[in-house]
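Thank you all for making time this morning. I would like to walk you through one model, going from a single residue out to the whole chain and back in again, so please keep the structure open while I talk.

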Amino acid sequence: ALKQVRVADSPRMAHLGNPGTADALTDGTTPLSMIGGGFRGIAAATRGLASPAGVRAAAQAIGSTRALAFSSELGVAAQPVIPRWAFYGAWGISGAAVLCDAGIKVADAPVEKRLPTAAYQAAFHVPASLVIPAVIIHKIVHGVSHMKALQKLPPRMALLAPVAAAVGSIPVVVPVVDHGTEFLLHSVRLASILGLEEHGSTEAHGKPKNE
């Protein structure tokens, strides 16, 4: 039987350490401060881009910056009030963060495990990092924007209210989707099916379960 996997062991959250996503977003750390810290780390890592080690360090810094993975959700939430280039840019940042996170795990896997590791990462990141949260956030924006109560507000406030509601829901939506997707993958024993579980560890996560 599969051992219980901690929140910190999920493909998207392994770099958070012991605290889970909910802790990281409710302990006084804001998404903006997380993004700011991540960009500072990325800037430091990119100074050595001329070397393979520098490229890897930059990719690791991008992939390990948790907030970058849900910048697409911010883009979806703010879509009514931001230009198209900012919306697509947010999705580009999310895509880059996901590719870097998954790419580092694939590169660190044994050669014979790289394809299964890539499949596991895709099975997690596509729904949990890109699709499901964006759909939920979009539904929130759409639902709030059609509330009759908004008709009593000034036009500017009526435009910003759905955005505020969607942005405020991100700290709830993201961890719920993360946990749910991870639970589903373990329920169907995907790591075992792909041959990534050996001796009580899950190579897809890049770290032992029993740490």
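**Starting from one loop residue**

Let me begin with Arg189, which at 38% relative accessibility counts as partly exposed, because that value lies between the 20% limit for buried and the 50% limit for exposed. Please bear in mind throughout that this is a predicted model. Arg189 sits in the loop between H8 and H9, and its phi is near 55°, a positive value in a residue other than glycine. As background, most residues other than glycine have a negative phi.

Stepping back to the whole chain, the secondary structure comes to nine helices and three strands, and in order from the N terminus the nine α elements are followed by the three β elements. Of the 211 residues in the protein chain, 42% are buried. If we take the contacts between residues at least 6 apart in sequence, 70% of them join residues at least 24 apart.

Now to the helix packing, where I will take two pairs in turn. Helix H6, residues 84–108, and helix H7, residues 114–145, have axes that come within 9 Å and cross at roughly 155°, and because an angle over 145 degrees counts as roughly antiparallel, that is how H6 and H7 are described relative to each other. Their crossing is right-handed. On the H6 side the residues making the contact include Trp91, Ser94, Val98 and Asp101, while on the H7 side Arg114, Thr117, Ala118 and Gln121 are among them. By character, the residues of this contact divide into eight nonpolar, five polar and three charged.

The second pair is H7 with H8, whose axes come within 8 Å and cross at roughly 150°, so that H7 and H8 are also roughly antiparallel to each other. H7 passes H8 in a right-handed crossing, and the residues of their contact divide into 20 nonpolar, four polar and two charged.

Which residues have the most contacts inside the largest nonpolar core? That core has 20 residues, and those with the most contacts inside it are Phe70, Val76, Tyr120, Ile137, Ala166, Ile170 and Leu185. Helix H5 (71–78), H7, helix H8 (155–187) and helix H9 (190–193) each supply at least two residues of this core. If we look at Ile170 and leave aside its neighbours within four places in sequence, we find it in contact with Phe70, Glu73, Leu74, Ile137 and Pro175.

Helix H5 deserves a moment of its own, since seven of its eight residues are buried, and H5 is therefore largely enclosed by the rest of the structure. The buried residues of H5 are Ser71, Ser72, Glu73, Gly75, Val76, Ala77 and Ala78, and you will recall that Val76 is also one of the residues with the most contacts inside the largest core.

Let me finish on helix H8, where Val176 is found. Is Val176 buried or exposed? At 54% relative accessibility, Val176 counts as exposed, because that value is over the 50% limit. Val176 and Ala128 are 48 residues apart in sequence, yet their C-alpha atoms are 9.5 Å apart in space.

Methods: Residues numbered from 1 in each chain as written. Predicted model: local features only at pLDDT ≥ 70, side-chain atom pairs only at ≥ 80, totals over all residues. Heavy atoms only, no water. Axes fitted to C-alpha atoms, helices over the stretch in contact; angles between N-to-C directions. Helix = DSSP H or I, 4+ residues; strand = E, 2+ residues; numbered from the N terminus. Parallel < 35°, antiparallel > 145°, perpendicular 65-115°, else oblique. Left-handed = near helix turned anticlockwise from the far one by under 90°. Contact = heavy atoms within 4.5 Å. Nonpolar A, V, L, I, M, F, W, Y, C, P; charged D, E, K, R; others polar. Core = buried A, V, L, I, M, F, W, Y, C linked by side-chain atoms within 4.5 Å. Buried < 20%, exposed > 50% of the residue type's maximum accessible area, 1.4 Å probe, protein only.
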